[in-house]
Amino acid sequence: MKAALVGTDGTLLHEARRATGRERGADAVVETILAFAAELRAHGEEHLGESAVAAGVAVPGIVDAEKGIAVYAANLGWRDVPLRALLGERLGVPVALGHDVRTGGLAEGRIGAGLGAHRFLFVPLGTGIAGAIGIAGAIEAGAHGDAGEIGHIVVRPDGPDCSCGQRGCLETLASAAAVTRAWAAASGDPGADAADCAKAVESGDPAAVRVWQDAIDALAAGLVTALTLLDPGTLIIGGGLAEAGETLFTPLRAAVEERVTFQKLPHIVPAALGDTAGCLGAGLLAWDLLSTEVSA
């Protein structure tokens, strides 16, 4: 877990990290979050001279932000956890709850790579692939809170099975996890990962180039579908795979440009905030919550 004390303008005032403790079960993860938040508030009181006035928390899985409930998070063993109420009771301050990717996208849009972009799409390439649709400094959540799930666009109908029940979803082919699986198989090294594949591409390994290009082709196909639907001015790519830098971005820009016809080509840029985007975005959610309460 990553957490931060965040100023009104999104400035990172203090950052801390903790293990989730998920090996001890779902309830232990919740208690760890509550204790971590209390520690963070105490740090502000002791070192910054004031207590946090609101809290924001971003979690994976399915989130009902309006009700403040973490509906489902498979990797944490959560179902219908009333996180907003639990945190509010522990901290005594207003609490905002958000989805991890959309919250990270909020930070990238306001204070990161999307600063100044009226419409953007944030796509982190990690264990899976999700997306955040940015419009005028806010994130479009959709009618049911599920907007932006670009990882489940089918790009190869005869492709690998996906956990969502479809075949050939983008995240089964172009996520960091997908590249890791493909490179481990191609290299014969079960311990090899996506970062190793990128290094092998840079050294000219033809097998690595094939694996890498296959992932880029799938990614470009999914992104062009998203561009057709959303027409963003800026496309922000983050997550572990983006750490490969121009080894990813140079061929990706070329592959997207190759596929567009009538669509306008967006600026394709790397995310700027790295793995702090989520906790910075959670801070922005908290400030937004306070602004809403004041205006109401």
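# A Guided Tour of Two Sheets and Their Helices

Begin by selecting Y72, which stands opposite R79 in strand β6. Helices and strands here are DSSP runs, numbered from the N terminus, with at least four residues (H or I) for a helix and at least two (E) for a strand. Two strands are said to pair if DSSP finds at least two bridges between them.

The model is predicted, so that local features need pLDDT of at least 70 and side-chain atom pairs count only at pLDDT 80 or more, whereas totals for chains, interfaces and linings use all residues. Residues are numbered from 1 along each chain as its sequence is written, and side-chain values use heavy atoms, with hydrogens and water left out.

**The whole chain**

Display the entire protein chain, which has 9 helices and 12 strands. Its radius of gyration is 20 Å, close to the 19 Å given by the globule rule for 296 residues, so the chain is as compact as a globular protein of that length. The radius of gyration is taken over C-alpha atoms, and the globule rule is 2.2 Å times the number of residues to the power 0.38. Along the principal axes, the C-alpha atoms fill a box of roughly 55 × 45 × 35 Å.

**The sheet of three strands**

Return to the strands around Y72. Here 3 strands form an open sheet in the order β4-β5-β6, with antiparallel pairing. Select residues 62-64 for β4 and 78-81 for β6: these are the edge strands, and each pairs on one side only. The twist from one strand to the next averages 15°; angles run from 0 to 180 degrees between N-to-C directions, and axes are lines fitted to C-alpha atoms, for helices over the stretch in contact. Now add β5, residues 69-73, which pairs with β6 in the antiparallel sense over 3 bridges.

**The sheet of five strands**

Next, turn to the open sheet of 5 strands in the order β10-β9-β8-β11-β12, where the pairing is mixed. Which strands stand at its edges? They are β10 (138-140) and β12 (267-270); each has a single partner strand, so one side of each is left without a neighbour in the sheet. In this sheet the twist averages 30° from one strand to the next.

Follow the pairings across the sheet:

- β9 and β10 pair in the antiparallel sense over 3 bridges, and I135 has A138 in β10 as its bridge partner.
- The two strands β9 and β10 form a hairpin with 2 residues between them; in the turn, A136 has a positive phi of about 55°.
- β8 and β9 pair in the antiparallel sense over 4 bridges, and F120 has G134 in β9 as its bridge partner.
- β11 (residues 234-238) and β12 pair in the parallel sense over 4 bridges, and L235 has I268 in β12 as its bridge partner.

Now show the helices that meet this sheet. Helix α3, residues 100-111, lies across β8 (119-124), β9 (132-135), β10 and β11, and runs at about 130° to β8. Helix α8, residues 246-259, packs on the sheet and touches β11 and β12; its direction makes about 160° with that of β12. Contact means heavy atoms within 4.5 Å.

**Helix against helix**

Keep α8 in view and add α7, residues 206-230. The axes of α7 and α8 lie 9 Å apart, and the two helices pack at an angle of about 50°, which makes α7 oblique to α8. Angles under 35 degrees count as roughly parallel, over 145 as roughly antiparallel, 65 to 115 as roughly perpendicular and the rest as oblique. The crossing is right-handed; a crossing has this name if the near helix is turned clockwise from the far one by less than a right angle, and is left-handed if anticlockwise. Residues of α7 in this contact include W212, I216 and L223, while those of α8 include L248, L252 and V256. The contact divides into 13 nonpolar, 2 polar and 2 charged residues. Ala, Val, Leu, Ile, Met, Phe, Trp, Tyr, Cys and Pro count as nonpolar, Asp, Glu, Lys and Arg as charged, and the others, Gly among them, as polar.

Select α6 next. The axes of α6 and α7 come within 8 Å and cross at roughly 120°, which makes α6 oblique to α7. This crossing is left-handed. A194, C197, A198, A200 and V201 in α6 meet A208, V209, V211 and W212 in α7. By class, the contact has 9 nonpolar, no polar and no charged residues.

Finally, add α5 (residues 176-187), which packs against α6 (residues 194-202) at an angle of about 65°, with the axes 8 Å apart. That makes α5 roughly perpendicular to α6. The crossing of α5 and α6 is left-handed. A176, V179, T180 and W183 in α5 meet A194, D196, C197 and A200 in α6; these residues divide into 6 nonpolar, 1 polar and 1 charged.
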